[in-house]
Amino acid sequence: MVVEIVSAVVVLGGAWLAAGVRVVKQYERGLVFRFGRVRSRVQEPGLKLLVPFVDRMQKVNMQIITMPVPAQDGITRDNVTVRVDAVVYFKVIDPVVAAVNVQDYRAAVGQVAQTSLRSIIGKSELDDLLSNREHLNEGLELMIDSPALDWGIHIDKVEIKDVALPEAMKRSMSRQAEAERERRARVISADGELQASHKLAQAAATMADTPSAMQLRLLETVVQVSSEKNSTLILPFPVELLRFLDAHTPKQAATPAAPPAPVAPAIPEAAPEPDAMEAKPEANGHAAPAPRTPGDAALPTSD
């Protein structure tokens, strides 16, 4: 009878101890709630013994948590519609505050990340979203970390993953990039032409001092043309030789006589005007006076 009682006590004691045994993993921390009140001492990893039916343990993960932020639609400061998504890396630094002050710290961090991402989109320009993401990541991290500190959460890192643009904006950016590349190509080509012109001027000055260099260059050109399989050979002809032949060519002895010019028909002279006509005798034998001009002086008449 006594043995049975002792065995029963041992079994009950073993069951009671087994009910209070908990194992805390290396990446976890244990919070003990005794009659609903949290104990200030955080349970470290290892085997822990609790008071059965009195204590209750809640484990908090202390690893870095990777949380993707859903893509958010927004309008940038330069009035461009974009769709941006991000990812947040955070961890729990105070398990007591994370378990007591906020109901679900993961959902809280996710909502703050979404609202902060929308705010960053509205404050930034499109060029910043595409090329200056480091600065935006820092600003987004500060915006999320400010309320998360009160929840016992530390934001380790925030990264903007992708920026989706409308198709029309993509085409416009492609045309802009193409125009920029074409501008650079033209500038480089013009710079090359300028440098080549300087070199050609120096080469021309050198060849002017040594005429034999021109002949050597001519022969080199002929060799380059003839090295290819062409049926036509273009041979440059020196201008100096043309001038020499032109200077020693005799001029023609006489030029052919020009044909006689046609004789214009005689034109009858115009009849004299009535004022210039001479006085004609009248029938009574007296001559008619000539008409007086304004320059003639008046003569006195005899009685």
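Which strand does L49 lie in? I looked it up, and L49 sits in strand β4. My strands (E, at least two residues) and helices (H or I, at least four) are DSSP runs numbered from the N terminus.

A note to self on the input: this is a predicted model, where local features need pLDDT of at least 70, side-chain atom pairs count only at pLDDT 80 or more, and totals for chains, interfaces and linings use all residues. Residues are numbered from 1 along each chain as its sequence is written, and side-chain values use heavy atoms, with hydrogens and water left out.

**Surface patch**

I checked the cover on L49 next: L49 is exposed, at a relative accessible area of 58%. Here exposed means over 50% relative accessible area, buried under 20%, and partly exposed in between, with a 1.4 Å probe and protein chains only.

L49 belongs to a nonpolar surface patch together with W16, L17, V21, V23, L47, V51 and F53, and their joint accessible area is about 840 Å². Two or more patch residues come from each of α1 (2-19), β1 (21-24) and β4 (46-49). Patch members have over 30% relative accessible area and no salt bridge; nonpolar side chains (Val, Leu, Ile, Met, Phe, Trp, Tyr) are joined within 5 Å, like charges within 9 Å. A salt bridge puts a side-chain nitrogen of Lys or Arg within 4 Å of a carboxyl oxygen of Asp or Glu. The areas are Shrake-Rupley values with a 1.4 Å probe, and for residues only the protein chains shown count as cover.

**Core**

I then turned inward. The largest nonpolar core has 36 residues, and V82, V88, F90, Y105, I153 and I155 touch the most other members. α3 gives the most to this core, with eight residues. Such a core is a set of buried Ala, Val, Leu, Ile, Met, Phe, Trp, Tyr and Cys residues joined through side-chain atoms within 4.5 Å.

I listed partners for V88, skipping neighbours within four places in sequence: among them are I65, M67, V109, I144 and I155. Contact means heavy atoms within 4.5 Å.

**Loops**

Q63 lies in the loop between β5 (55-61) and β6, and is partly exposed at 39% relative accessibility. Beyond four places in sequence, Q63 touches Y27, F90 and K91.

I also looked at backbone angles. Most residues other than glycine have a negative phi. F35, in the loop between β2 and β3 (37-38), has a positive phi of about 55°. N79, in the loop between β6 and β7, has a positive phi of about 60°. F35 is exposed at 71%, and N79 is exposed at 66%.
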